[in-house]
Amino acid sequence: MRITIFGTGYVGLVTGTCLAEAGHEVMCMDVDSRKINGLMNGIVPIYEPGLEALVKQNVAEERLLFTADPAEAVGFGTLQFIAVGTPPDEDGSADLKYVLSVADTIAEHMQEYKLVIDKSTVPVGTADRVSETIAQRLHQRDVDIPFDVCSNPEFLKEGSAVEDFSQGARIVIGCDSSRVEPLMRECYAPYNRRQEKLMFMDIRSAELTKYAANAMLATKISFMNEISNLAERLGADVENVRRGIGSDPRIGYSFIYPGCGYGGSCFPKDVQALARTATDVGYEAQLLNAVESVNYRQKASLFTKLSQALDGDLEAKTIAVWGLAFKPNTDDMREAPSRELMEAIWAAGGKVRAYDPEAMQECRRLYGERDDLTLTKRRDDTLEGADALVICTEWKAFRTVDFRRLREQLTTPAIIDGRNLFNPESVRAAGLLYFAVGRADSLRIPLPGGDGAPQARVGQNGPSVAYTL
Ligand SMILES: NC(=O)c1ccc[n+]([C@@H]2O[C@H](COP(=O)([O-])OP(=O)(O)OC[C@H]3O[C@@H](n4cnc5c(N)ncnc54)[C@H](O)[C@@H]3O)[C@@H](O)[C@H]2O)c1
């Protein structure tokens, strides 16, 4: 099949490359001509395991083409995938301007039947708006060319996007025309051999399925973070609780890791957008609003704990930060907890020495050169002259640490671990203060009736000291 993809971000580039790898002829179009020029020369603008090799191979075999010319892109494929961004608008709703602009471009240039496929995450009702946009433009052109619009939301995860696309559990397709099913079956046939993965449904259900999936995953994370905050205040260890509930098959172990909050380009904006959709139809989505506000508070908890470790004084302090990406195996820093942390450190007069295995370039792009940010070549170089260490991302490379050496390097011997990477006893045995998530001593909490002086507190792991703030 000849397929056009609009947008060469995480979703568009992975979709285009995987469909080319499956034998289709694919043309990817992007309005960012620098990106397109780079891709034509084998430069992949994002880090995604396995992607670069696949792009190079399929470009070399001439199944994967790139263009910045909209007319060429529209002329190429019978299938026209829309995989552009849907960032949050000011009111939290999904901003559809890029999606609708692609719809308009397709209608402006099409000369024959096109199947337009919404792959971007878009609110319920968007396929109707895409149809209206195309119909309007065709009317203006005074032509009558048949077209269909269908919904095919994407469920890939950054960090394992190629694998997820190729081996995903399901391929959801929302359509309302008999022309769509055979075309989509042919498109996905290479991925539908072992078992039937295609799920055909009405368009609105397909659109809602994507939001429901992300909202459910975000809910699991916020739920666990809520429990971790309780554990901190009750002297319990959330890691024991996690194992205790995860072993129940009705709950399961996935997505119940406590941490410093979810980030990325999807969960925050999709939870907000779904809540906004609910408001638009006169329904107050209480659970979704709570999921979002728990996450907001959780992201701020890194700085709260850091501030407590340094007795509230960050002026001229240097903080080592491990992990900038919102999760491991990606260079994506959109809505990453690290950003909230660094910006709070800077606002308090502190400096940051940071390291991430993949996101350094993205960090430079976001923050540029500044005196209060040093990006180091190696993980342990961040510790030179540092007062404390904060871990924001659970990269594998951060899991093994010589705590005694770390103790010698840090001025204030404190680790604020937003991902619960270590055994608290090993860290403390090296003489370090350890502020993790939902574990004993993770937080110095105000005790009832306290007057600001340290007070003894007995938690599950024996006596500890709590401070009234
Ligand atoms: N990133 C993910 O993990 C993920 C997973 C599933 C779904 N999604 C959804 O997929 C969509 C795309 O996400 P992404 O992360 O790939 O976005 P992205 O920001 O990485 O990429 C979007 C690309 O679209 C391009 N673009 C904008 N307007 C265009 C136009 N008119 N014509 C052609 N290209 C245009 C931009 O230049 C950019 O390169 C979003 O709706 C997102 O919610 C993302």
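**Close-up 1. Residues around the ligand in the predicted model.** In this predicted model, 26 residues surround the ligand. D30, K35, T86, E158 and K269 come nearest among these 26.

**Close-up 2. Polar contacts of the ligand with G7, Y10 and S265.** Backbone atoms of G7 and Y10 take part. A polar backbone atom of G7 sits 3.5 Å from a ligand nitrogen. For Y10, a backbone N or O atom is 3.0 Å from a ligand oxygen. S265 contributes through its side chain: a polar atom there is 3.4 Å from a nitrogen of the ligand.

**Close-up 3. Packing of helix 5 against helix 6.** Helix 5 spans residues 97-109, and helix 6 spans residues 126-141. Their axes are 8 Å apart, at an angle of about 35°. The crossing of helix 5 past helix 6 is right-handed. On the helix 5 side, the contact uses V99, L100, A103, D104, A107, E108 and H109. Helix 6 supplies T126, R129, V130, T133, I134, R137, L138 and R141. By class, the contact residues are seven nonpolar, five charged and three polar.

**Close-up 4. The annotated C-terminal domain, residues 320-424.** An unreviewed UniProt entry assigns this stretch the feature "domain: UDP-glucose/GDP-mannose dehydrogenase C-terminal". Helix makes up 26% of residues 320-424, and strand 18%. The end C-alpha atoms of the stretch are 19 Å apart.

How values were computed:
Residues numbered from 1 in each chain as written. Predicted model: local features only at pLDDT ≥ 70, side-chain atom pairs only at ≥ 80, totals over all residues. Heavy atoms only, no water. Axes fitted to C-alpha atoms, helices over the stretch in contact; angles between N-to-C directions. Helix = DSSP H or I, 4+ residues; strand = E, 2+ residues; numbered from the N terminus. Left-handed = near helix turned anticlockwise from the far one by under 90°. Contact = heavy atoms within 4.5 Å. Nonpolar A, V, L, I, M, F, W, Y, C, P; charged D, E, K, R; others polar. UniProt positions renumbered as here; feature names shortened; annotations may be inferred. Near = heavy atom within 4 Å. Polar contact = N/O pair within 3.5 Å; in protein donor to acceptor, adjacent residues only side chain to side chain.
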